[in-house]
Amino acid sequence: MRRPQVMVEALVMEVDATPSNDLGAAWITSMATKDGSSVSVGSSNGIDPNTIAAIGSIAQGGASVGNFAAALLGRTVSIPDPNNPGQFIQVPWIRALVTAAESRQDINIISAPTILTADKKEAEIVVGQNIPVPTSRLQAAAATTDPNNPFQTSQNIARQDVGVTLRVTPQISEGDTVRLNVYQEISQVHSNDSTLGPTTTNRKVENTVYVRDGEAVMIGGILSDNQNETESKVPWLGDIPFLGWAFKGTHSDASKINLFIVLTPRIVRDPDDLQRLTVENRERFRSASAPALDLSDQDKEERAKALQAGVPLPIDPNPVRRELERHDQRYPVEELPALRQEAIDHEKQRSSEIEEMKKKEAAGSYLVQVAHFASAEEAVALLQKLISQGYDGTVFSQSQQGETIHWVQLGPYTNQAKAQAVARDVNASQGLQSLVVIEP
């Protein structure tokens, strides 16, 4: 008999928003001294040379900056030039920089891995990169006598997978319910340091879920919202209403991460189901890749001329488009509506058969007694284990000679052959001595 297969479709959606805002002012005053030098005082503890250069450029109208910035240059004072006696240099009396900047970084990640595997067989798909990660560093005395490089550095490198990993083990139970052992990991490189190596982010889900054929289930989600605000100011002066903004600045940033993971299992019982799912995924890929797979106007014109002349079509230079066309010739998309209707008819027929089977089993009289225990907890634990493997049963308790015995039994079943087959499977998988009994 052909064993059924399971196609698992995963959908990973992540939105990472990181807005930031800067608002404030900084100023500095340069005063001349008797020895020809200058002293700077102001709301900023000295403005770095890059900022001073930026202020000068903005004042001259030649700056090209990404945020809003305004430089205020007031009067200048003359001080003796210590490098050229008898000469004077002009020093701005006040420098100020007013900033109001806002930035926003949004990252949207959508991954949709799909994997097909046989019933009760583990499968794994990995889509990502294998990056180098430094693990250790060693410095030793160099053989050369170079005074600038007295040590020789060596380091060990390990490789690490970064990307999307989906590992799943499906198990089909009665009623088209699929038990999924799922391991889902999403990792990516966040930053890279030449000394410490890369910093990666990691989201991982590992669990077991039950879901009906064709239905979607959310296996995990993360909603996080972090906000940080920083204020720097001159004491007392920064607290003055309105005027205090000339003596302080604020910086705020936030980080919002929304992660959503959904799985959808689809049972594949025959070649028609496999063909339908293959064509559907092929057309989904073609639709998502349409801008890169579209023919140019020149290619369309050449193919139209070849069709009118009755000559073979020219070879498509795009290998992906060429293989899609070859696959379309073998499994044409025009057959997809008929395959879908056939799948709907099979689903209705199977649902009717399942309901009929449930009615017969409800009226059945054959039971499989698996084991008995003096503790109800041990009996329930074994029953839960058997139910997770696709069996249906109960715990039956009865008193014998003043003691209560708890029986784990499966069924009922409509015929003795089915009950004996279940007993053989349980004995082989669990190492038990199951018995088939007839319910009175």
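In this predicted model, Ile219 touches Val182, Gln184, Val205, Asn207, Val209, Ile261 and Leu263, leaving out residues up to four places away in sequence. Ile219 also belongs to the largest nonpolar core, which has 23 residues. Together with Val8, Leu180, Val182, Ile261 and Leu263, Ile219 touches the most other members of that core. The elements that contribute two or more residues to this core are strand 1 (5–32), strand 9 (151–173), strand 10 (177–193), strand 11 (197–212), strand 12 (217–233) and strand 13 (248–268). Apart from this core lies another one, made of 16 residues, including Tyr366, Leu410, Tyr413 and Val422.

Strand 1 also holds a charged residue worth a look, Glu9. With a relative accessible area of 15%, Glu9 is buried, since the cut-off for buried is under 20%. The side chain of Glu9 makes a polar contact of 3.3 Å with the side chain of Arg266. Beyond its neighbours within four places in sequence, Glu9 is in contact with Pro113, Thr114, Val262, Leu263, Thr264, Arg266, Asn281 and Arg284.

Turning to a sheet further along the chain, four strands form an open arrangement in the order 15-16-14-17, with antiparallel pairing. Strand 15 (393–400) and strand 17 (435–438) are the edges; each has a single partner strand, so one side of each has no neighbour in the sheet. On average, neighbouring strands here are turned by 40 degrees against each other, direction ignored. Eight bridges join strand 15 to strand 16 (residues 403–413) in the antiparallel sense, and Gln400 has Glu403 of strand 16 as its bridge partner. Two helices accompany these strands. Helix 7 (residues 376–388) lies across strand 14 (366–373), strand 15 and strand 16, and runs at about 15 degrees to strand 16. Helix 8 (residues 416–430) packs on the sheet as well, where it touches strand 14, strand 16 and strand 17. The direction of helix 8 makes about 30 degrees with that of strand 14.

Charged pairs complete the picture, with 11 salt bridges found in a search of the whole structure. One of them joins the side chains of Glu124 and Arg167, at 3.2 Å from N to O. Glu124 lies in strand 8 (residues 123–141) and Arg167 in strand 9, so this pair ties together parts that are 43 residues apart in sequence. Glu124 counts as partly exposed at 44% relative accessibility, and Arg167 counts as partly exposed at 27%.

Two helices are linked in a similar manner by Asp328 and Arg286, which form a salt bridge with their closest N and O atoms 3.7 Å apart. Asp328 sits in helix 5 (residues 319–330) and Arg286 in helix 2 (residues 271–288), distant parts of the chain that are 42 residues apart. Arg286 is partly exposed, at 25% relative accessibility.

Within helix 4 (residues 297–309), Glu301 and Lys305 are four residues apart, which means that about one helical turn separates them. The side chains of Glu301 and Lys305 meet in a salt bridge of 3.4 Å, N to O. Glu301 has a relative accessible area of 46% and is partly exposed. Finally, a network of salt bridges links Asp273, Arg276, Glu280 and Arg340.

Definitions and conventions. Residues numbered from 1 in each chain as written. Predicted model: local features only at pLDDT ≥ 70, side-chain atom pairs only at ≥ 80, totals over all residues. Heavy atoms only, no water. Core = buried A, V, L, I, M, F, W, Y, C linked by side-chain atoms within 4.5 Å. Buried < 20%, exposed > 50% of the residue type's maximum accessible area, 1.4 Å probe, protein only. Contact = heavy atoms within 4.5 Å. Pairing = 2+ DSSP bridges. Axes fitted to C-alpha atoms, helices over the stretch in contact; angles between N-to-C directions. Salt bridge = Lys/Arg side-chain N within 4 Å of Asp/Glu carboxyl O. Polar contact = N/O pair within 3.5 Å; in protein donor to acceptor, adjacent residues only side chain to side chain.
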